[in-house]
Amino acid sequence: MTDRVVLVTGVSRRIGIGAAVARLLAAEGYRLFLTGLPAYDDAQPYGGDPDGVPALTAELGDAAVHVPADLLDPAAPGALVAEAVRRYGRLDAVVAVHAYSTQTPLGSLDAAEIDRHLLVNVRATLLLAEAFGAAFSAGTGGRLVLFSSGQRLGPMPTELAYAASKAGVENLTVQLAPVLMPRGITVNCLNPGPTDTGYAPPEAHAAVAELFPGGRWGTPEDAARLVRFLCAPEAGWITGQVIDSEGGFHRYR
């Protein structure tokens with residue numbers, strides 16, 4: 001098989017970044033092994049997308065398969081990599097879009113909720129990297145693309161656990177890049193800034209839009225286009241980078 005294979009996590013809602021990444025990589029000829037946890041989105045204030053996974057896989061056709069997984073399970077990352085290799089005979093890229101995020105302000109912190117952020121956002125990402133590094137056999141062209149939210153650029157006082165966990169993901173980018181590059185795998189992290197995936201109520205949506213010089217939020221497709229580039233051969237000399245792709249977003253005005 002000569003088709004490149006990519007594992008994309010965090011795929012459940014059709015208007016999410018994971019779905020946009022899947023569409024663009026499918027258009028580039030990738031075979032897609034997708035995973036996500038629709039039940040997590042169902043429980044969030046913005047709500048889930050009950051028809052999202054079947055509709056997306058129908059849209060992508062034979063290019064994609066979706067397997068639900070809960071990344072709180074320490075066995076899940078390795079099992080996903082192993083299943084991708086079993087199905088396709090190879091794995092060339094992992095795009096870790098998944099995130100666990102709830103409100104965790106100072107004064108109401110809960111130890112178990114902090115742990116969930118660290119386990120899903122940091123531990124699962126590190127275990128995905130380990131499993132992918134061990135399974136990657138092409139010798140060159142490997143890609144590990146992580147996702148952050150720009151926590152180092154400003155505070156997130158109502159999401160302290162999420163901010164801490166995503167800061168960990170940014171640091172993993174720096175730590176993993178030199179150890180995976182000799183195996184032929186680049187490691188980069190994308191901060192897409194505020195991205196319009198339908199989670200913001202109208203008032204907040206309008207207020208945040210004013211913080212962009214262009215007057216609009218980022219779109220899932222904006223993030224997906226950068227993922228597509230980072231997975232392409234032209235990006236083979238870029239590694240260990242946290243890339244802010246925020247359209248000039250002003251965190252303070």
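1. Two strands count as paired if DSSP finds at least two bridges between them. Helices (H or I, at least four residues) and strands (E, at least two) are themselves DSSP runs, numbered from the N terminus. With that in hand, look at strand β1 and strand β2 (residues 31-34): they run parallel and are joined by four bridges. Within that pairing, V6 sits opposite L32 of β2.

2. A quick word on what you're looking at. This is a predicted model, where local features need pLDDT of at least 70 and side-chain atom pairs count only at pLDDT 80 or more, while totals for chains, interfaces and linings use all residues. Residues are numbered from 1 along each chain as its sequence is written, and side-chain values use heavy atoms, with hydrogens and water left out.

3. Now the overall picture. The protein chain has eight helices and seven strands. Its C-alpha atoms fill a box of roughly 50 × 40 × 40 Å along the principal axes. The radius of gyration (taken over C-alpha atoms; the globule rule is 2.2 Å times the number of residues to the power 0.38) is 17 Å, which agrees with the value near 18 Å for a compact globule of 253 residues. Of those 253 residues, 48% are buried; here buried means under 20% relative accessible area, exposed over 50%, and partly exposed in between (1.4 Å probe, protein chains only).

4. Back to β1, residues 5-9. Why is this strand largely enclosed by the rest of the structure? Five of its five residues are buried, so the surroundings cover it. V5, L7 and T9 point one way, V6 and V8 point the other way, and all are buried. That fits a handy rule: in a regular strand the side chains alternate between the two faces of the sheet.

5. β1 has another neighbour too. It pairs with strand β4 (residues 93-96) in the parallel sense, over four bridges. The bridge partner of L7 in β4 is V94.

6. How do you get from β1 to β2? Follow helix α1 (residues 17-27): β1, α1 and β2 make a right-handed β-α-β unit. Right-handed means that, with the strands pointing away from the viewer, the path from the first strand over the helix to the second runs clockwise.

7. On to charges. There are 12 salt bridges in the structure, each being a side-chain nitrogen of Lys or Arg within 4 Å of a carboxyl oxygen of Asp or Glu. In one of them, R87 joins E83, with the closest N and O atoms 2.8 Å apart. R87 and E83 are separated by about one helical turn because they are four residues apart in helix α4 (residues 76-88). R87 is partly exposed, at 41% relative accessible area.

8. Helix α5 (111-135) has a similar story. R116 forms a salt bridge with E113, the closest N and O atoms being 2.4 Å apart. These two are three residues apart in α5, so about one helical turn separates them. R116 is partly exposed at 31%, whereas E113 is buried at 13%.

9. Two more for your list. R251 and E246 meet through their side chains in a salt bridge (2.6 Å, N to O); R251 is partly exposed at 26%, while E246 counts as buried at 11%. Also, R4, R90 and D92 are linked in a network of salt bridges.
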